Amino acid sequence: MKPFEKKIPISRETDIIKAALEAKKTSRDAGFSENNQFMITTAVSELARNIFVYAGQGAVLIELLVRESQKGIQVIAEDNGPGIHDIAKALEDRFTTGNSLGLGLPGVKRIMDEFIIDSSPGKGTTVTARKWDKNA
Amino acid sequence: MNTDKIASDVAMHITYGCLVVPVDVELYDDTVLHIREEILAKVRETRVKGVIIDLSGVSVIDSFSGGVIQDTAKAVSLLGATTVISGLQPETAAVLVDLNLYFEGIAKTSTLEAGLRLLQSAAAGRGEGK
C-alpha cells in the first residue's frame, strides 16, 4: 500500500484551486521547503487547469514518494479528453489551442524536477510530474 | 450547481492616498476577476495615484490569476495610477517568471509597508502627497 495517495476529480473550474490547495497541504505536511510547496501548488493548479480547459474533466492524483535521502511528491493529471496532436508544440511557450493563457505545460515542466507526458489524439492525456526535496 | 461558497470580497481601504488591497482569500478564477473589477472601479472613483495589491495571504498563484493581476496593473496604469505588488517572496517571484509572468513595469516589494513607502516616495518625487 502506498503511504499517501489522494485523488481529486476535476470537473468544475473551482476544482482547479481545490486541487492546488490539496497539493499545498500535502507538501506542507510532508515538510517540503516553502519554495517547493509553492512550485508544487502552482504546478497542480496548471495541470488541473489544462484538464478543465482542454478535456472538461479528469482527475489529479497526488502521491508522496520516498527515495534514499529524499522525499518526493508525484502528481498525475489524467483525462480522457481529445489528447494532444503535437506534444512538442504543446510544450512550446505561448502555444495554445484552448482559452487559457497557454502557459501551463512549459511552466510545469520548468518548475518540476521530472515531467512525463503521454498523450495521443482521441486517447486522452496523462501528465506525470515529480518534485524532490531533501529529507529534514 | 456550484455549491461552494467562495469568498470574493476583499476589504480594500485607502491610506495615504493609496488604495490598499490585502488579498486574503484564495484566487479562484471568478474571485480574481471580481477583485480586478473592484480595483478598477475604486481607482476610477477615488482617483488614487497608487495601488498596492498584497498577495501575502494567497496560497495559489497560477498563470490565470497571475495573468489577471498583471492585466489589472496595466489597466491601473492607463488610469494614471501605479501598482505595487507586495507579499511575494523572491522565490515566489522566480516561480512566476517560469510561468512567463514577469509583472513587467510593476514594482514588487516583500511587505505591504515597503510598498506603501515606495508609492509615497514616488508621489513625493512628483511633488504630490505633501
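Begin in chain A by selecting β2(A) and β3(A), which form a hairpin with 2 residues between them, and look at the turn, where E68(A) has a positive phi of about 35°. The model on the screen is a predicted one, and the stops below move from this hairpin through chain A, across the contact between the chains, and into chain B.

**The hairpin of chain A**

Stay with E68(A), which is found in the loop between β2 (58-67) and β3 (70-79) of chain A. Most residues other than glycine have a negative phi, and E68(A) has a positive phi although it is not a glycine. Is E68(A) buried or exposed? With a relative accessibility of 84%, E68(A) counts as exposed.

Now follow the two strands away from the turn: β2(A) and β3(A) run antiparallel and are joined by 10 bridges. To see one of these pairings, select I62(A) together with V75(A), its bridge partner in β3(A). Then add strand β1 (residues 5-10) of chain A, which pairs with β2(A) in the antiparallel sense over 6 bridges; here K7(A) stands opposite L61(A) in β2(A).

**A buried residue in β2(A)**

Select I62(A) alone next, a residue that lies in strand β2 of chain A. I62(A) has a relative accessible area of 0%, and it therefore counts as buried, for which the cut-off is under 20%. Which residues is I62(A) in contact with, leaving aside its neighbours within four places in sequence? They are F4(A), E5(A), K6(A), I8(A), A19(A), E22(A), A23(A), T26(A), I73(A) and Q74(A). Of these, K6(A) is worth a distance label, since I62(A) and K6(A) are 56 residues apart in sequence while their C-alpha atoms are 5.2 Å apart in space.

**Chain A as a whole**

Zoom out until chain A fills the view, and count its secondary structure, which comes to 4 helices and 5 strands. Read along the sequence, these elements of chain A follow the pattern β-α-α-β-β-α-α-β-β. Chain A has 136 residues, of which 51% count as buried. Among the contacts in chain A between residues at least 6 apart in sequence, 64% join residues at least 24 apart.

**Where the chains touch**

Show chain B beside chain A and select the residues on either side of the contact, which takes 24 residues from chain B and 24 residues from chain A. The area buried between the two chains is about 2,200 Å², and carbon and sulfur atoms give 59% of it. How many salt bridges are counted between chain B and chain A? The count is 3, and one to select is formed by D29(B) with R49(A), whose closest N and O atoms are 2.7 Å apart. Between chain B and chain A there are also 8 residue pairs in polar contact, with both residues at pLDDT 80 or more. On the side of chain B that touches chain A, α1, α2 and α3 (90-98) of chain B each supply at least two residues, and α3(B) gives the most, with 5 residues.

**The strands of chain B**

Hide chain A and select strand β3 (residues 50-54) of chain B, in which 5 of the 5 residues are buried. In a regular strand the side chains alternate between the two faces of the sheet. Both faces of β3(B) are covered, with G50(B), I52(B) and D54(B) buried on one side and V51(B) and I53(B) buried on the other.

Add strand β2 (residues 18-22) of chain B, which pairs with β3(B) in the parallel sense over 5 bridges, and find C18(B), which stands opposite G50(B) in β3(B). The chain crosses from β2(B) to β3(B) through helix α1 (residues 29-46) of chain B, in a β-α-β crossover that is right-handed.

Then add strand β4 (residues 82-86) of chain B, which pairs with β3(B) in the parallel sense over 5 bridges; T83(B) in β4(B) is the bridge partner of V51(B). From β3(B) the chain crosses through helix α2 (residues 63-78) of chain B to β4(B), and this β-α-β crossover is right-handed.

**A last stop in chain B**

Finish at Y16(B), which is found in the loop between β1 (13-15) and β2 of chain B. Phi of Y16(B) is near 45°, a positive value in a residue other than glycine. At 65% relative accessibility, Y16(B) counts as exposed.

Notes. Residues are numbered from 1 along each chain as its sequence is written. Chains are lettered from A and ligands numbered from 1 in the order in which they are written. This is a predicted model: local features need pLDDT of at least 70, side-chain atom pairs count only at pLDDT 80 or more; totals for chains, interfaces and linings use all residues. Side-chain values use heavy atoms; hydrogens and water are left out. Buried means under 20% relative accessible area, exposed over 50%, partly exposed in between (1.4 Å probe, protein chains only). Two strands pair if DSSP finds at least two bridges between them. A crossover is right-handed if, with the strands pointing away from the viewer, the path from the first strand over the helix to the second runs clockwise. Contact means heavy atoms within 4.5 Å. Buried area is the accessible area (1.4 Å probe) that two parts lose on being put together, summed over both. A salt bridge is a side-chain nitrogen of Lys or Arg within 4 Å of a carboxyl oxygen of Asp or Glu. A polar contact is a pair of N or O atoms within 3.5 Å; within protein, one must be able to donate a hydrogen and the other to accept it, and residues adjacent in sequence count only if both atoms are side-chain atoms.
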